[in-house]
Amino acid sequence: MIDSRKLLDALRKVLKQVEDYAREHIDSQPDLEAGLRAEWQQARDSGRVGSSYHDWRDEEITQAAVHWVLACVYLRFIEDNGLCERPWLSGATRAQRDLAQDRYEQHFRARPLDSDEHYLRACFEDAARLPAMGGLFDRNHNPLWRIGATGDGAKALLDLLRAVDPDTGQVKFDFRAALPSPPGGGVGGEGPDTRFLGDLYQDLSEPVRKKYALLQTPIFVEEGAR
């Protein structure tokens, strides 16, 4: 089971890294910078944006970085709970981790000039083919496709989500979910408990939460409605 607080603290740190790497990359790419500035100007002229360019750009970078982090967490949740045939990033078991490492190495044997960002994009594209996952990774709506994590940012994400406790040999973050009990007690419910994913989405970034009014329905309200 996942330790939500420990996970959130770790992901907030790597989120900052992804943001910083993305910002540095944009600053070093005049064409990318110009494209974003043109997008901001168009939004400002139409009245959809009132903030300065740099404030707007920082918001866009943060939003994209949040989705990069969340996308990787979703992949770990899927693979740890056996919802895909072959893991992408790691896995809760040694066998899963070995399969994920083999997949990673195969990718770079075929594409030696790729970075870890390219690898993660390929993973997202593969995951999008799973039932009900296409919308999550839709190129027209998910901000991660607009602003990249960069190779360094992607490596930071992979390092965190692959991390193994040297004392136990177990992954530091195990995303296997318990099955919630059905109403009235008993064993087993409708499926894995995914509430922590919603909590993570609303708590990962304060600016994103405030801008998009993200707030998950409290548990006592959910239970009262049953």
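Author: A helix here is a DSSP run of H or I with at least four residues, numbered from the N terminus, and T150 is found in one of them, helix α6. This is a predicted model, in which local features need pLDDT of at least 70, side-chain atom pairs count only at pLDDT 80 or more, and totals for chains, interfaces and linings use all residues. Residues are numbered from 1 along each chain as its sequence is written, and side-chain values use heavy atoms, leaving out hydrogens and water.

Reader: Why does T150 count as buried?

Author: Buried means under 20% relative accessible area, exposed over 50%, and partly exposed in between, with a 1.4 Å probe and protein chains only. T150 has 10% relative accessibility, so it counts as buried. Its phi is near 70°, a positive value in a residue other than glycine.

Reader: And what makes A132 exposed?

Author: The relative accessible area of A132 is 77%, which is over 50%, so A132 is exposed. A132 lies in the loop between α5 and α6, and its phi, too, is near 70°.

Reader: How do you know that E117 is buried?

Author: Its relative accessible area of 14% is under 20%, therefore E117 is buried. E117 is found in helix α5. Leaving aside neighbours within four places in sequence, E117 is in contact (heavy atoms within 4.5 Å) with W68, G148, A149, T150, G151 and A154.

Reader: What describes the packing of α5 and α6?

Author: Helix α5 (residues 116–127) and helix α6 (residues 150–162) pack at an angle of about 65°, and their axes are 7 Å apart. Those axes are lines fitted to C-alpha atoms over the stretch in contact, with angles running from 0 to 180 degrees between N-to-C directions. On the α5 side the contact is made by D116, E117 and L120; on the α6 side, by T150, G151, A154, K155, L157 and L158.

Reader: What makes three residues of that contact charged?

Author: Asp, Glu, Lys and Arg count as charged, so D116, E117 and K155 belong in that class. The contact also has four nonpolar and two polar residues; nonpolar covers Ala, Val, Leu, Ile, Met, Phe, Trp, Tyr, Cys and Pro, and polar covers the others, Gly among them.

Reader: Why is the reach of α5 called close to the expected one?

Author: The expected span is 1.5 Å times one less than the number of residues. With 12 residues, α5 is expected to span 16 Å, and α5 reaches 16 Å from its first C-alpha to its last, so the two agree closely. Helix α1, with 25 residues, reaches 36 Å, close to the 36 Å expected.

Reader: Which residues have the most contacts inside the largest nonpolar core?

Author: They are L11, L89, L120 and F124, in a core of 47 residues. Such a core is a set of buried Ala, Val, Leu, Ile, Met, Phe, Trp, Tyr and Cys residues joined through side-chain atoms within 4.5 Å. Helix α3 gives the most to this core, with 12 residues. Not counting residues up to four places away in sequence, L11 touches V69, V73, L160, L200 and L204.

Reader: Where does the predictor's confidence have its lowest mean among the elements?

Author: In helix α9 (residues 219–225), with a mean pLDDT of 40, whereas α6 has the highest, 98. pLDDT is the predictor's confidence in each residue, from 0 to 100, and the chain averages 85. Over residues 179–189 the pLDDT is below 50, and it stays under 50 over residues 213–226 as well.

Conventions: Helix = DSSP H or I, 4+ residues; strand = E, 2+ residues; numbered from the N terminus.
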